[in-house]
Amino acid sequence: MARKKTFIVVFCLAVALIAAVTGAVYNATQQVPDFYTEALEFEPAEASETGEILEEQVFAFSNQVKKPRRWSLRLTDRQINGWLASDLTEKFPGVLPETIEEPRVAVQGKTLLVGCKYKGQSLNSILAVSLDCFLVEGEPNVVGIQIHNVTAGSLPIPIGKLIDEINAYAEKANLPLRWQQRDGDPVALITVPSEGPEIEGVIRIDALELKDGEILLSGETLKTEEEKLKEAAEANQTEVVESEPSSSDGSS
């Protein structure tokens with residue numbers, strides 16, 4: 001009889017412990033990061049306005065990089081979130097997986113925070129990723145994205161699945177991507193194309209900087225060697241023409 005009571009007590013304790021752990025894990029997955037809550041605070045009119053500003057800036061930037069000159073782009077996380085709220089699903093339907101909703105970003109110091117609502121078969125939570133973005137020294141136009149951690153609510157989750165998702169998306173988008181390690185974290189290396197059909201030169205990115213609320217990108221579109229040779233030949237031809245003596249009319 002005593003053994004039976006002991007077994008029942010142990011069983012009840014085990015059930016209580018499992019329930020407590022399960023409840024704690026569930027509660028942890030339901031925590032919403034402060035940056036994500038703030039990023040969602042958008043009136044529709046404001047979201048639309050800031051989204052339009054972002055599109056105008058990006059359009060102007062895309063024209064700047066086409067010709068040989070220096071260029072720069074400054075975006076705020078507020079503008080990005082406005083565009084995500086008002087334009088992403090309307091202008092790019094189907095770009096997000098069915099399990100992902102309402103992606104938002106925040107720039108805190110030099111760290112980029114990305115969050116979204118995740119609705120899967122076994123998990124409904126807010127996923128958040130902490131990233132560092134930088135130019136890779138010695139490799140022109142290569143951007144490094146260092147993944148610090150991934151959380152569901154306040155609960156850390158393995159990074160491996162995120163890496164698999166990134167690889168699948170990069171392959172689908174035909175985006176050059178490779179990986180390395182930095183301080184024990186995985187780093188995605190993305191090569192930004194330096195040439196294109198409408199670009200009259202070679203793109204070189206000089207700086208990529210993140211600071212509170214802002215992303216800054218600057219660089220230069222350089223003339224190609226072919227264009228330099230063509231201009232040199234035209235300049236020489238002009239000099240030859242100008243140095244030729246002008247003919248004058250005269251009677252014999």
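Let's start with V32. Leaving out residues up to four places away in sequence, V32 touches T37 and I126. Contact here means heavy atoms within 4.5 Å. V32 sits in the loop between α1 (2–29) and α2. Helices are DSSP runs of H or I with at least four residues, strands are runs of E with at least two, and both are numbered from the N terminus. V32 counts as partly exposed, because its relative accessibility is 39%. The cut-offs: buried is under 20% relative accessible area, exposed is over 50%, and partly exposed is in between, with a 1.4 Å probe and protein chains only. V32 also comes within reach of S125 in space: 8.3 Å, C-alpha to C-alpha, with their positions 93 residues apart in sequence.

A word on the source. This is a predicted model, where local features need pLDDT of at least 70 and side-chain atom pairs count only at pLDDT 80 or more, while totals for chains, interfaces and linings use all residues. Residues are numbered from 1 along each chain as its sequence is written, and side-chain values use heavy atoms, with hydrogens and water left out.

Now the overall picture. The protein has seven helices and ten strands. There are 252 residues, and 31% of them count as buried. Take the contacts between residues at least 6 apart in sequence: 52% join residues at least 24 apart. The exposed area is about 16700 Å², with 56% supplied by carbon and sulfur atoms. Accessible areas come from the Shrake-Rupley method with a 1.4 Å probe, and for residues only the protein chains shown count as cover.

Next, helix α4, residues 77–86. Seven of its ten residues are buried, so α4 is largely enclosed by the rest of the structure. The buried ones are D77, Q79, I80, N81, G82, W83 and L84. What covers them? The cover includes α2 (34–40), α3, β1 (69–76), α5, β2 and β10 (214–222).

One residue of α3 deserves a look: T50. T50 lies in α3, residues 44–64. T50 counts as buried, because its relative accessibility is 12%. Neighbours within four places aside, T50 is in contact with F42, R78, Q79 and G82. A polar atom of the T50 side chain also lies 3.1 Å from the backbone oxygen of A47.

On to strand β8, residues 185–191. Six of its seven residues are buried, so β8 is largely enclosed too. Which strands pair with β8? β5 (residues 142–152) runs antiparallel to β8 and is joined to it by five bridges. β7 (residues 177–182) pairs with β8 in the antiparallel sense over six bridges. Pairing requires at least two DSSP bridges between the strands. In register terms, V143 stands opposite I190, and W179 stands opposite A188.

The β7–β8 hairpin has two residues between the strands, and D183 takes a positive phi near 55 degrees there. D183 is not a glycine. D183 counts as exposed, at 70% relative accessibility. E102 is another non-glycine with a positive phi, about 45 degrees. E102 is in strand β2 and is partly exposed, with a relative accessible area of 31%.

Salt bridges next. The structure holds 14. The criterion is a side-chain nitrogen of Lys or Arg within 4 Å of a carboxyl oxygen of Asp or Glu. Three to point at.

First pair: E55 and K91, with the closest N and O atoms 2.6 Å apart. This pair links distant parts of the chain, with E55 in α3 and K91 in α5, 36 residues apart. D87 joins E55 and K91 in a network of salt bridges.

Second pair: R70 and D206, closest N and O atoms 2.7 Å apart. R70 is in β1 and D206 in β9 (residues 202–211), 136 residues apart.

Third pair: E139 and R178, at 2.3 Å, N to O. E139 is in the loop between β4 (124–135) and β5, R178 is in β7, and they are 39 residues apart. E139 is partly exposed at 28% relative accessible area, and R178 is partly exposed at 37%.

Last, the surface. F92, V95 and Y169 form a nonpolar patch with about 300 Å² of accessible area together. Patch members have over 30% relative accessible area and no salt bridge; like charges are joined within 9 Å, and nonpolar side chains (Val, Leu, Ile, Met, Phe, Trp, Tyr) within 5 Å. F92 is in the loop between α5 (88–91) and β2 (100–108). F92 counts as partly exposed, at 45% relative accessibility.

Methods:
Polar contact = N/O pair within 3.5 Å; in protein donor to acceptor, adjacent residues only side chain to side chain.
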